[in-house]
Amino acid sequence: MKTSGLHIRGVNKSFADMEVLHSISLESKPGEFISLLGPSGCGKTTLLRIVAGFERPDSGSILIDDRDITLSPAEHRNMGMVFQAYSLFPHLTAAENIRFGLRLRRTPKSRQQSIVDDLLALAGLSAHRDRYPHQLSGGQQQRVALARALAIQPVLLLLDEPLSALDAKVRVQLREEIKRIQRETGITTLFVTHDQEEALSISDRVAVMHDGRLVQFDTPAKIYHRPTDSFVAGFIGTSTRLEGRVSDAHNGRVDILGISMPAAGVQGHSDRARVNVYVRPEAIELHRADTVAHGLEGRVLEHTFLGATTRVQVAVHDCVTLLADIQSATAHRFPVGSQVRAAWAPEAPRILTT
Amino acid sequence: MKTRLLRIAVPGLLLGLCSLYFLVPLIATGVFSLWDGADRYNLSAYTQLFHDPGFRDSLLLSVRLAVLSVVISLILLVPTVYWIQLRGKRLRPVMEFIAVLPFVVPAIALVEGLTSLYTGPEWLVGSPNFLIVAYIILALPYTYNALDVGMRSLDIRTLSEAAQNLGANWPTLMMRAILPNLIGTLVGATLLTFAIVMGEFTFANVLLFNTFAVYINYIGQTSGTQAAALSLLSFTITWLAMLGILLTGHRSQVQLGGAR
C-alpha cells in the first residue's frame, strides 16, 4: 500500500462565534500512526473532519505529499475513515460493504473479489462475509468498517474514536488489531481518541490538544515523561502538582513547602523562580518518618489497592495531597494515620514554569 | 379459572363486536352489489361497470394522476427531508407546520385558493394535471411524516459521510447508500399517496374533472348496485395499498448496526 505524508498547516476553524481550532500545524511522516488526544470539546474531531473534507477550515491548508487538498471535496480525497458511530450500510453484507468503494471506482470484479477476500482475512472475518451489520457484534462491525476503509487503498486512514462504543475487553483487542493492520499495511493513520491509554499504546506520535490548540506533539514516552505544558502534565497519567521555588538551579534544588528537594529539571531556570513540580506516583518513594531525615513529611490518609501496587495518599502539611505508588507487599509499613516522608530521584520530577 | 375465562372472553367479545361493526356493512354492500332485482343475484353490476367506458377512463385517469403525484412528491420531498435531517434541523418545525396545513384548511378552501393562485399553461391549469398540484399538497402530511420517520431511524449523517468518504458524490450516495435503506418508507409513502388520490372527491368534483371518485359518486346517483360494486372496488384498492405498506414495512425494515 502506498504511504503518504500528511501536512496540516496553520488551520483555524470557528463555528458561529466560537473558535474551535487555533492555528494547528502538524506534520506526519509516511506510514506514521498519529493520535489526536484531548478531552471532549478540544477540537480533535473537527480537525479530523477537516482532514477528511467534511469541514472547511477558515484558514490554513491540508497537504498530502505536498499536494494541497484543502478545497477538494471529501469524495475526491481517497481517504479511508472509520467512524465512532456504526457506519456500515445496513442493506449490505460485510463483503458488500467492503466492496462498496471498489464498485464506485469500477475496479475489475476479479480484483474486487481478491481485495475483499484479503481484507476479510486480515480482519479475521472471513466466516462472516455474508452477514448483515445487524448480525455482527459491535467489534466485528468496526473491523468491517476498517476493512472497508482500507479496501480503497487510501492515502490516509482516519479513525474517529472507533473504539468508544465497545466494551473494555473488545476495545483492547481491537486497538491491538488496528495497530497490527496499520503496521502490516504501512498506511499513514490519524487516530482521534480521548483515551490516553489508547493513544499512548498504539501511536508513533501523539498530538495532545487542549481548547483548540495543539499543546504537545511527540512520542508517547516523551509525552508521558517529558510534558512541556502544564495541561499535558496534568492530563496524561497521574501526577501530583506541587508549587515550588528554585533554590539552587545549578545543583538542581527546589524548595517545596519550605523543604529543599532534588529536581534536576530546574537547571536552566533562574534562582528564586516560581515553578510547578509534577511528580508521578510511581516515582515517589515512601519512608517511615522516624527512619529518614530528608523528604516531604506527611500523614497517610488512605490506601487504594491496585493489585501489585497500592496507591497511598499522603497529606503534606495538610494542604497538599501527594500520591505514591508502592509495592503492595510493603504497604503495611505505612498504615493510615502514620507519619511518612516522601522522596524522589533528582531526575524524576518534571519542572514547568507557572 | 373464572378470571382466566374473563381474560379471554372480554377481549374476544370486543374483537367480535368490532369485526361485526366493520364487516356487516361490507358484507351487506357486497351482497347488494350482486343483487339483480327480486331474488336474483349475479355479477351483472360488475359486468356493466367493466363495459362502461366512463369507468375505465376515470380509473385510468385516477391511476395516472396518482402515479404522477407519487413521483413528483417523492422527487420534491426526499431531498428536502434528507437535507433537513442533515443540515437544516432548525427548519423541521416549519416543515412540520406546513405538513399539517392540509389537515387544517378545508378541502373546498384549498381548491378556491389553488384556482386563484395558480395560473399557467393550458396543459396544466386547463387539464386534470392541475389536480396533481392539489394531490401533492393533500398527501403532504402522510408523505412528509413517512419520510421523516424513516430517515430519522437511520444515522443519515454518518452513512452519508461514510459513502462520501468512499468516493460517492451526492447522487450516488443517495441512490446507493440512503435510498436502499428507505425502501419500506418509500413504499409506504407511495401507497398512502396512491390511496389518497384514488379516493379524493372534492377537488376533482369542484374542478369538474371526471376522476374515479367522481365517477363513483355519479354512479351512486344512477345505479345503486353498481355504486355498491364500485365502493367495494375502491375499498379493495385502499386495502391493497395498506397491505402493501404493512408487508413492505415488515420485510424491509432497516436493522441498524449495534452490538448484538
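When I call a residue buried in this talk, I mean that its relative accessible area is under 20%, and at 3% relative accessibility N181(B) therefore counts as buried. Please keep in mind throughout that what we are looking at is a predicted model.

Let me stay with that asparagine for a moment. N181(B) sits in the loop between α9 (170-178) and α10 (183-199) of chain B, and its side chain has polar partners that I would like to point out. A polar atom of the N181(B) side chain lies 2.7 Å from the backbone oxygen of A177(B), while the backbone nitrogen of H91(A), which belongs to the other chain, lies 3.1 Å from a polar atom of that side chain.

That takes us to the interface itself. In contact there are 31 residues of chain A and 26 residues of chain B, and between them the two chains bury about 2,400 Å², of which 58% is on carbon and sulfur atoms. On the chain A side, E75(A), P90(A) and H134(A) supply 24% of the area that this chain buries against chain B, which is more than any other three residues.

As for polar interactions, the rule finds 7 residue pairs in polar contact across the interface, with both residues at pLDDT 80 or more. The elements of chain A that each supply at least two residues of the side touching chain B are β6 (79-82), α2 (94-104) and α4 (138-151), and the residues of that side divide into 15 nonpolar, 10 polar and 6 charged.

Which residues form the salt bridge that the rule finds across the interface of chain A and chain B? The rule finds 1 such bridge, and it is formed by R49(A) with E161(B), whose closest N and O atoms are 2.6 Å apart. Because E161(B) lies in helix α8 (residues 156-165) of chain B and R49(A) in helix α1 (residues 44-52) of chain A, the pair joins two chains. Both E161(B) and R49(A) are buried.

Turning to salt bridges more broadly, a search of the whole structure finds 20 of them over all chains. Within chain A, the side chains of E32(A) and R205(A) meet at 2.5 Å, N to O. E32(A) lies in the loop between β2 (18-27) and β3 (33-37), and R205(A) in strand β9 (residues 205-210), so this pair ties together parts that are 173 residues apart in sequence. E32(A) and R205(A) are also both buried.

A further salt bridge brings D204(A) to K179(A), at 3.7 Å from N to O. Here D204(A) is in the loop between α6 (196-202) and β9 of chain A, and K179(A) is in helix α5 (residues 168-185), so the parts tied together are 25 residues apart in sequence. D204(A) counts as partly exposed at 32% relative accessibility, whereas K179(A), at 15%, counts as buried.

Finally, a strand in chain A. Why can we describe β14 (residues 274-279) of chain A as largely enclosed by the rest of the structure? The reason is that 5 of its 6 residues are buried. Strand β11 (residues 240-248) runs antiparallel to β14(A), and 6 bridges join them, with G244(A) standing opposite V275(A). Strand β20 (residues 350-353) of chain A also pairs with β14(A) in the antiparallel sense, over 4 bridges, and in β20(A) the bridge partner of V275(A) is T353(A).

Technical notes:
Residues numbered from 1 in each chain as written. Chains lettered and ligands numbered in written order. Predicted model: local features only at pLDDT ≥ 70, side-chain atom pairs only at ≥ 80, totals over all residues. Heavy atoms only, no water. Contact = heavy atoms within 4.5 Å. Buried area = accessible area lost by both parts, 1.4 Å probe. Salt bridge = Lys/Arg side-chain N within 4 Å of Asp/Glu carboxyl O. Polar contact = N/O pair within 3.5 Å; in protein donor to acceptor, adjacent residues only side chain to side chain. Nonpolar A, V, L, I, M, F, W, Y, C, P; charged D, E, K, R; others polar. Buried < 20%, exposed > 50% of the residue type's maximum accessible area, 1.4 Å probe, protein only. Pairing = 2+ DSSP bridges.
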